[in-house]
Amino acid sequence: QVQLVESGGGLVQAGGSLRLSCAASGRTFSSYAMAWFRQAPGKEREFVAAITRSGSTTDYADSVKDRFTISRDNAKNTVYLQMTSLKPEDTALYYCAAVRLVLGSRRSEGYDYWGQGTQVTVSS
């Protein structure tokens with residue numbers, strides 16, 4: 001069992017940067033692969049990035065490769081999403097997700113736990 005709370009969203013100009021945080025509760029955070037998904041109004045939830053439970057391996061959607069970086073600090077029970085070179089199309093509600101696997105899938109159905117989301121709005 002793990003509870004997730006995202007934070008760090010906000011309004012940023014195109015080309016700017018933002019770092020999202022996902023704080024997790026529970027004693028077994030290091031047993032969960034973590035991921036970030038996002039959902040824009042009228043669109044389906046889409047995969048953004050994933051990280052193995054140790055943080056040794058990461059996976060990114062093509063749309064964010066070379067711009068976003070996912071990381072985790074198991075000592076702090078926190079996963080991060082560092083976003084740079086933000087574009088208006090990055091505007092969405094960003095969700096943190098967890099699954100008790102080494103590495104999760106790119107499908108939202110593959111995750112068991114979700115945060116409430118944090119809004120990221122990129123202006124042009």
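# Reading the labels on a predicted model

Reader: Which residues is threonine 52 in contact with, leaving aside its neighbours within four places in sequence?
Author: Threonine 52 touches Ala33, Thr57, Arg72, Val102 and Leu103. A contact needs heavy atoms within 4.5 Å. Keep in mind that this model is predicted.

Reader: Where does threonine 52 lie? And why is threonine 52 called buried?
Author: Threonine 52 is in the loop between strand E5 (46-51) and E6. Its relative accessibility is 5%. Buried means under 20%. Threonine 52 therefore counts as buried.

Reader: Let me step back to the whole protein. How many helices and strands are there?
Author: The count is 0 helices and 11 strands. From the N terminus on, the order is β-β-β-β-β-β-β-β-β-β-β.

Reader: What makes the protein as compact as a globular protein of its length?
Author: Set two values side by side. The radius of gyration is 13 Å, and the globule rule gives 14 Å for 124 residues. The two are close, so the protein is as compact as a globular protein of that length. The C-alpha trace spans about 40 × 25 × 25 Å along its principal axes. Of the 124 residues, 44% count as buried.

Reader: What share of the contacts with a separation of 6 or more comes from residues 24 or more positions apart?
Author: That share is 60%.

Reader: On to charges. Why is the pair of aspartate 90 and arginine 38 called a salt bridge?
Author: The closest N and O atoms of aspartate 90 and arginine 38 are 2.9 Å apart. The cut-off is 4 Å. The pair falls within it, so it is a salt bridge.

Reader: What does the pair of aspartate 90 and arginine 38 tie together?
Author: Aspartate 90 lies in the loop between strand E8 (78-83) and strand E9 (92-99), while arginine 38 lies in strand E4 (residues 33-39). The pair therefore ties together parts that are 52 residues apart in sequence. Both aspartate 90 and arginine 38 are buried.

Reader: How do you know that aspartate 59 and arginine 106 form a salt bridge?
Author: Their closest N and O atoms are 2.6 Å apart, and the limit is 4 Å. Aspartate 59 sits in strand E6 (residues 58-60) and arginine 106 in the loop between E9 and strand E10 (113-114), so the pair ties together parts 47 residues apart in sequence.

Reader: Why is aspartate 59 called buried, and why is arginine 106 called partly exposed?
Author: Aspartate 59 has 19% relative accessibility. That is under 20%, so the label is buried. Arginine 106 has 44%. Partly exposed lies between 20% and 50%, so arginine 106 gets that label.

Reader: What about arginine 107 and glutamate 109?
Author: Their closest N and O atoms are 3.8 Å apart, and they too form a salt bridge. Both arginine 107 and glutamate 109 are exposed. Elsewhere, salt bridges that share partners join Arg38, Glu46, Arg67 and Asp90 into one network. The whole structure holds 6 salt bridges.

Reader: What makes the phi of aspartate 66 worth a remark?
Author: Most residues other than glycine have a negative phi. Aspartate 66 is not a glycine, yet its phi is near 75°, a positive value. Aspartate 66 is in the loop between E6 and strand E7 (68-73). Its relative accessible area is 82%. Exposed means over 50%, so aspartate 66 is exposed.

Reader: And what is the phi of serine 85?
Author: Serine 85 has a positive phi of about 50°, although it is not a glycine. Serine 85 lies in the loop between E8 and E9. At 40% relative accessibility, serine 85 counts as partly exposed.

How values were computed
Residues are numbered from 1 along each chain as its sequence is written. This is a predicted model: local features need pLDDT of at least 70, side-chain atom pairs count only at pLDDT 80 or more; totals for chains, interfaces and linings use all residues. Side-chain values use heavy atoms; hydrogens and water are left out. Helices (H or I, at least four residues) and strands (E, at least two) are DSSP runs, numbered from the N terminus. The radius of gyration is taken over C-alpha atoms; the globule rule is 2.2 Å times the number of residues to the power 0.38. Buried means under 20% relative accessible area, exposed over 50%, partly exposed in between (1.4 Å probe, protein chains only). A salt bridge is a side-chain nitrogen of Lys or Arg within 4 Å of a carboxyl oxygen of Asp or Glu.
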